[in-house]
Amino acid sequence: MSPHRVPTPLLTTGPICGFPSATDTVTPRQPRGQERVITGNRLTGWAFADAFVAEDDALRWARERAREAGLRSVSPGGGAALRLLAATVDAKAVAEIGTGTGVSGIHLLHGMRPDGVLTTVDPEPERQQFARQAFRAAGFASNRARFIPGRALDVLPRLADAGYDLVFCDGDRLECLDYLAESLRLLRPGGLVVFEGVFADGRTIGSGPQPAEVVRLRELLRAVRESQDLVPSLLPVGDGLLCAVKR
């Protein structure tokens, strides 16, 4: 999980999912719906979205622990979108790749059914202890979350086929295509897979050579867009939420 920075909105028609390749020329322009919102303190549209749903003390505490640990965390606007998506599918079972300090987990739990259970995976048990405290401070009973320490690609194969309503992926970007394959197995028909941070601070939609993780994100965008098993959408909140419904 990296502190939220507003990505530069670059639009073009490159060969990768509508995103530019290293040889494309791009021209900055504001995409429709993301025009600057002018208020007394000149908030941008993204900042306005982040402030739209107020976060409580438990979320602010979890964010502070994430900042101290140097972790990325989903933006407030992205968190609000996660709540909405979890509520939309009436989620009872959600799998989360990347517990962090519990920011995204709190948002997911707020959107899930009152009897829903969040299964959250992270390679660092210390982070999960922070998340446990944050969930408790947010008012969630201990049986609302199942914490599994370990590498995601070692844990996910042990989870039940078609047993989940939503899979949220915020782990190692180099493994995102593997997460997609596992998510297709884990999701019931009509379930949602969501990837956080697909803009990579604007690098995914930027020109020029990019690091391996950005190349992998572009491959993920193409795979989701071209899949016959998914109905995709890319939400311009936070650092980008890639969402898709399993047919």
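A word on terms before we look at anything: a residue is called buried when its relative accessible area is under 20%, exposed when that area is over 50%, and partly exposed in between, using a 1.4 Å probe and protein chains only. Helices (H or I, at least four residues) and strands (E, at least two) are DSSP runs, and they are numbered from the N terminus.

What you have in front of you is a predicted model, in which local features need pLDDT of at least 70 and side-chain atom pairs count only at pLDDT 80 or more, while totals for chains, interfaces and linings use all residues. Residues are numbered from 1 along each chain as its sequence is written, and side-chain values use heavy atoms, with hydrogens and water left out.

Let me start with helix α2, which covers residues 57-69. The expected span of a helix is 1.5 Å times one less than its number of residues, and for the 13 residues of α2 that comes to 18 Å, in agreement with the 18 Å between its end C-alpha atoms. The buried residues in α2 are Ala58, Leu59, Ala62, Arg63, Arg65 and Ala66. They cover an arc of only 160° around the axis, so they sit on the same side of α2; the arc is that of the directions from the helix axis to the C-beta atoms. Why might such a spacing of residues give one face? An α-helix has 3.6 residues a turn, so residues three or four places apart point the same way. On the face turned away from that buried side, α2 carries the exposed residues Asp57 and Glu68.

Contact, here and later, means heavy atoms within 4.5 Å. The buried residues of α2 are covered by elements that include α3 (76-88), α4 (103-111) and α5 (125-137). At the N-terminal end, α2 is capped by Asp56, which has a side-chain oxygen 3.3 Å from the backbone nitrogen of Ala58. For a polar contact we ask for a pair of N or O atoms within 3.5 Å; within protein, one must be able to donate a hydrogen and the other to accept it, and residues adjacent in sequence count only if both atoms are side-chain atoms. After α2 comes Gly70, with a positive phi near 70°.

Two of those covering helices also meet each other, since α3 and α4 pack at an angle of about 35° with their axes 7 Å apart. The contact is made by Pro76, Gly79, Ala80, Leu82, Arg83, Ala86 and Ala87 on the α3 side, and by Ser104, His107, Leu108, His110 and Gly111 on the α4 side. The axes are lines fitted to C-alpha atoms, for helices over the stretch in contact, and the angles run from 0 to 180 degrees between N-to-C directions.Beyond α3 lies a loop that leads to β3, and Asp90 is found in that loop between α3 and β3. Asp90 has a positive phi of about 50° although it is not a glycine, and at 45% relative accessibility it is partly exposed. A second residue of this kind is Ala162, in the loop between α6 and β6, where phi is near 55°, again a positive value in a residue other than glycine. Ala162 is partly exposed, with a relative accessible area of 42%.

Next, the strands. Val94 lies in strand β3 and is buried, with a relative accessible area of 0%. Leaving aside neighbours within four places in sequence, Val94 is in contact with several residues, among them Leu108, Met112, Tyr164 and Leu166. Val94 and Leu187 are 93 residues apart in sequence, yet their C-alpha atoms are 9.3 Å apart in space. Leu187, in strand β7, is likewise buried at a relative accessible area of 0%, and its contacts, not counting residues up to four places away in sequence, include Ala162, Tyr164, Leu166 and Lys246. The C-alpha atoms of Leu187 and Val245 are separated by 9.2 Å, with their positions 58 residues apart along the chain.

Finally, which residues of α8 are buried? They are Val214, Leu217, Arg218, Leu220, Leu221 and Val224, and they cover an arc of only 155° around the axis, which puts them on the same side of α8. On the other side of α8, Ala212 and Glu226 are exposed. The buried residues of α8 pack against α7, β7, β8 and β9 (241-246). One of them, Leu221, has a relative accessible area of 4%.
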